[in-house]
Amino acid sequence: MAAGGDGVARHEGLVVFTPRVAPGDRVRAEVQVTGRVGRGRVLELVEAGPDRVPPGCAHFEAPDRCGGCQWQQVSLEAQREAKRRMLRDAFQRIAKREIALPPIHAGEGWRYRRSLTLALRRSTGGLAGGASEWRAGLRAFDDPEAVFALDDCLITAPEVLAAWRHVLAASEHLPDESRLRGTVRVIGERAHFVLEGGHAWDALPEFLDALPDLSAVWWQAEGKRRQLVADRRPAGEPGASFAQVNPEMANRLHAAVVARAMAQTPRRVVDAFSGTGDTACAIAERGVSVVAIEMDEEATRYAAERLPNGSRAVAARVEDVLASHLPADVVILNPPRSGVDAKVTSLLAAASPAPKAIIYVSCDPATLARDVARLPGWRVHEIECFDLFPQTAHLETLCELRPEPAP
């Protein structure tokens, strides 16, 4: 199984990537070849491999062919083994470093998501009086324009789906467009809604009146920045952008980061890409001076309100301000999927004195391996995986780097 979720087959020097297969499957496939790489499309399952299981969700197979999950046809045990191997292979191929197969921590395989983004499509065909009807769904894995109406999503918590049904019940008050995108996130017991697309939302007051239980609503109009258009949150509740998709596993990962940082008995910590500051606050409450760096201004304000004296939150790009906050005993990096800017790794590679540890939380093995390769003089002390997204090929990794000992 490859990063991204496809299965890999090799034949006489040709590498073929095929979606919706399991380790050990024998399939008859149509293959399109470009150079020495092929792209397969399964026509027939000839023989199931030992790790193949029946998909749990009716949307996964035809006619919907949902692209939200890549691996429902693979047993959870095999999924997790594939993720461990994906990480090791990325380090071998990109970082040119050998690591042992890392341990992987896992929780529930279903109903773990507290956030769900759906495509919204409106049609008028065949409806009485020319009335419009919205459908909300996911895209087919092999056709991004094919959006089916979602009935259920087995990896999503019921309360998220219930909130989506309430949104659809008020869909007559959405912007007058044919294509939109929405996200429901549930934080605790409160639902947040983010709408993307459209140029005018004339019926916003009616939409809000119809959904009194929505805690907050953001709207990102076409070509514009996201705006908070309704805020019913209790004081201090964070924004939807930083809600944990899988709270159980996110909490375990958070605890591991804090434990690794505190194991260095630090006096000063930099928490880069700090989000709403949960990690920074947990460390600062233990008497450590923490600088939390996050470019999202709302998240930075929320962190600043909770950090104790002696610690502070900075709203900025990490690459722009990190130099002014070094040296530090520990640097925590928790960047987006694209990884860190090359300037960040350059600053850390040249830092004197060097931090005792860099604790890197990654959501992409390839960019993690690339960034580690940019850190000569640093070794992988320990690395472990956290399966925050079962049934998909996504992987969270916690990598602790320490300086190479002096010769």
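Two strands count as paired here if DSSP finds at least two bridges between them, and helices (H or I, at least four residues) and strands (E, at least two) are DSSP runs numbered from the N terminus. The model is a predicted one, so local features need pLDDT of at least 70 and side-chain atom pairs count only at pLDDT 80 or more, while totals for chains, interfaces and linings use all residues. Residues are numbered from 1 along each chain as its sequence is written, and side-chain values use heavy atoms, with hydrogens and water left out.

A good place to start is an open sheet of four strands, which line up as β1-β2-β4-β3 with mixed pairing. At its edges sit β1 (7–11) and β3 (26–34), each pairing on one side only. Nine bridges hold β3 and β4 (residues 37–47) together in the antiparallel sense, and one pair to look for is Glu-30 with its bridge partner in β4, Arg-41.

Next comes helix α1 (residues 76–95). Its 20 residues reach 28 Å from the first C-alpha to the last, close to the expected 28 Å (1.5 Å times one less than the number of residues). Quite a few of its residues are buried (under 20% relative accessible area, with exposed meaning over 50% and partly exposed in between, for a 1.4 Å probe and protein chains only). Among them are Ala-82, Lys-83, Met-86, Leu-87 and Phe-91. The buried residues of α1 pack against β5 (104–106), α9 (365–373), β19 (378–387) and β20 (396–403), where contact means heavy atoms within 4.5 Å. Right after α1 comes Lys-96, with a positive phi near 60°.

Two of those α1 residues turn up again around Ala-393, in the loop between β19 and β20. Ala-393 counts as buried because its relative accessibility is 8%. Not counting residues up to four places away in sequence, Ala-393 touches Gly-4, Gly-5, Gln-70, Trp-71, Lys-83 and Met-86. Ala-2 is 391 residues away from Ala-393 in sequence, yet their C-alpha atoms are 8.4 Å apart in space.

Another loop, between β13 (227–231) and α4 (247–262), holds Asn-246. With a relative accessibility of 3%, Asn-246 counts as buried too. Its side chain reaches the backbone nitrogen of Met-249 at 3.3 Å. Beyond its neighbours within four places in sequence, Asn-246 is in contact with Tyr-112, Asp-387, Leu-388 and Pro-390.

Then there is strand β17 (residues 330–333), where Val-330 and Ile-332 point one way, Val-331 and Leu-333 point the other way, and all are buried. β17 runs parallel to β14 (residues 268–272), joined by four bridges, with Asp-271 opposite Ile-332. Four bridges also pair β17 with β18 (residues 357–362), again in the parallel sense, and here Val-331 stands opposite Ile-358.

That leaves the nonpolar cores, meaning sets of buried Ala, Val, Leu, Ile, Met, Phe, Trp, Tyr and Cys residues joined through side-chain atoms within 4.5 Å. The largest has 65 residues, of which Trp-164, Phe-193 and Phe-207 touch the most other members. Its largest share, seven residues, comes from α4. Leaving aside neighbours within four places in sequence, Phe-193 is in contact with residues including Trp-164, Val-167, Phe-207, Leu-214 and Trp-218. Apart from this core lies another, of 35 residues, among them Ile-99, Val-318, Val-321 and Leu-401.

Conventions. A polar contact is a pair of N or O atoms within 3.5 Å; within protein, one must be able to donate a hydrogen and the other to accept it, and residues adjacent in sequence count only if both atoms are side-chain atoms.
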